[in-house]
Amino acid sequence: MTTLTASIAGFDFDNVLLNAAGVYCQTASELDQILEASGAGSLVTKSATPAERDGNAGVRFAEMPLGSINSMGLPNLGLDYYLDYTITHQDEKPLFLSIAGLTKADNLAMLRDVQDSDFNGLVELNLSCPNVPGKPQTAYDFDTTREILNEVFSFYTKPLGVKLPPYFDIAHFDMIAEILNDFPLAFVNTINSIGNGLVVDPETDTVVIAPKGGFGGLGGEIVKPTALANVRALRQRLRPEIKIIGTGGVTNGRDVYDHILCGADLVSVGTSLYFEGPAIFERLNNELIAIMAEKGYNHLDEFRGRLQTLA
Ligand code: RRO
């Protein structure tokens, strides 16, 4: 009998799949659909700021060959909305609450609110939003990342992980892992979208999204090799207690399998969920189970992290 269970920091998940933050998770009605979707083991809420935000103006999400480009600009209904939602539903499944302050002070203030609340799930601290004009992706600044985590763990005692941007250099994998290993993190989620890509519409010679002159985060099929590299590199470097959520480029069961093979504990789905809707989770699980059956595996532990290399 095949099982697709996983666990992070003592939380047990019936399935490894969930939405990627930002997709199908801004309103209670979207979140309900993920919560109820057959095959979703959890959900993560849209990254929250202290107060509600409209986000960037104009067309801010577009399909492109092999994926998507977005510059949403952190539209969300505010921390209290997502705290209420997760507290209401936390007895049904273990849930992730994502927060993304525009300043360190905002992140610390939100975490104090979560610490003092009845929320008993996992927080994903988003250090990698690429789309707020004038605000660089925090986790590309290694000193600031260490400083934030130092301050967070001076008071925050509930399970916490960080959402990371993709890294593209072996030296940077080493540097971020060295920092993360110094903190009692429950997990890291890798990768956020590949920041500041640009897509041209050949019919009109224009960019395809309005904010930031067309620059935006890339997701979908095109980012899979970068996502797998980040999952693999971090799994090779992080303490085993720090679990990994693999995100990026999942469109079929083989993609889920590959994330797990590279070391992912859970796998989240963004662009494909946007296009296909929550029914995707059941399809991905069925495809994953078929691959496992072919290979004679009953449990994810039998191949998690067991990627082979060539001599
Ligand atoms: O809202 C966004 O523009 C956004 C965020 Br916060 C993020 O973390 N990743 C992304 O691709 N878009």
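**From one bridge to the ligand**

Let's start small: Gly161 has Phe187, in strand S9, as its bridge partner. Keep in mind as you look that this is a predicted model. Zoom out a little, and that pair belongs to a longer match: strand S8 (residues 160-164) and strand S9 (residues 187-190) run parallel and are joined by four bridges.

Now zoom out again. S8 and S9 are part of an open sheet of seven strands, and if you walk across it you pass S3-S15-S14-S9-S8-S7-S6, with parallel pairing. Strand S3 (17-19) and strand S6 (96-99) sit at the edges; each has a single partner strand, so one side of each has no neighbour in the sheet. From one strand to the next, the twist averages 25 degrees.

Next, look for what packs on these strands. Helix H6 (residues 224-237) lies across S8, S9 and strand S14 (243-247), and H6 runs at about 170 degrees to S14.

That leaves the ligand. Around it you'll find Lys46, Asn70, Met72, Gly73, Leu74, Pro75, Asn126, Cys129, Pro130, Asn131, Asn192 and Ser193. So which atoms of the ligand do the side chains of Asn126 and Asn192 reach? For Asn126, a polar side-chain atom is 2.8 Å from an oxygen atom of the ligand. For Asn192, a polar side-chain atom is 2.8 Å from a nitrogen atom of the ligand. Met72 joins in through its backbone, with a polar atom 3.1 Å from an oxygen atom of the ligand. How much of the ligand does the protein bury? On its own the ligand exposes 320 Å², and 92% of that is buried by the protein.

Definitions and conventions:
Residues are numbered from 1 along each chain as its sequence is written. This is a predicted model: local features need pLDDT of at least 70, side-chain atom pairs count only at pLDDT 80 or more; totals for chains, interfaces and linings use all residues. Side-chain values use heavy atoms; hydrogens and water are left out. Two strands pair if DSSP finds at least two bridges between them. Helices (H or I, at least four residues) and strands (E, at least two) are DSSP runs, numbered from the N terminus. Axes are lines fitted to C-alpha atoms, for helices over the stretch in contact, and angles run from 0 to 180 degrees between N-to-C directions. Contact means heavy atoms within 4.5 Å. A residue is near a molecule or strand if one of its heavy atoms lies within 4 Å of it. A polar contact is a pair of N or O atoms within 3.5 Å; within protein, one must be able to donate a hydrogen and the other to accept it, and residues adjacent in sequence count only if both atoms are side-chain atoms. Accessible areas come from the Shrake-Rupley method with a 1.4 Å probe; for residues, only the protein chains shown count as cover.
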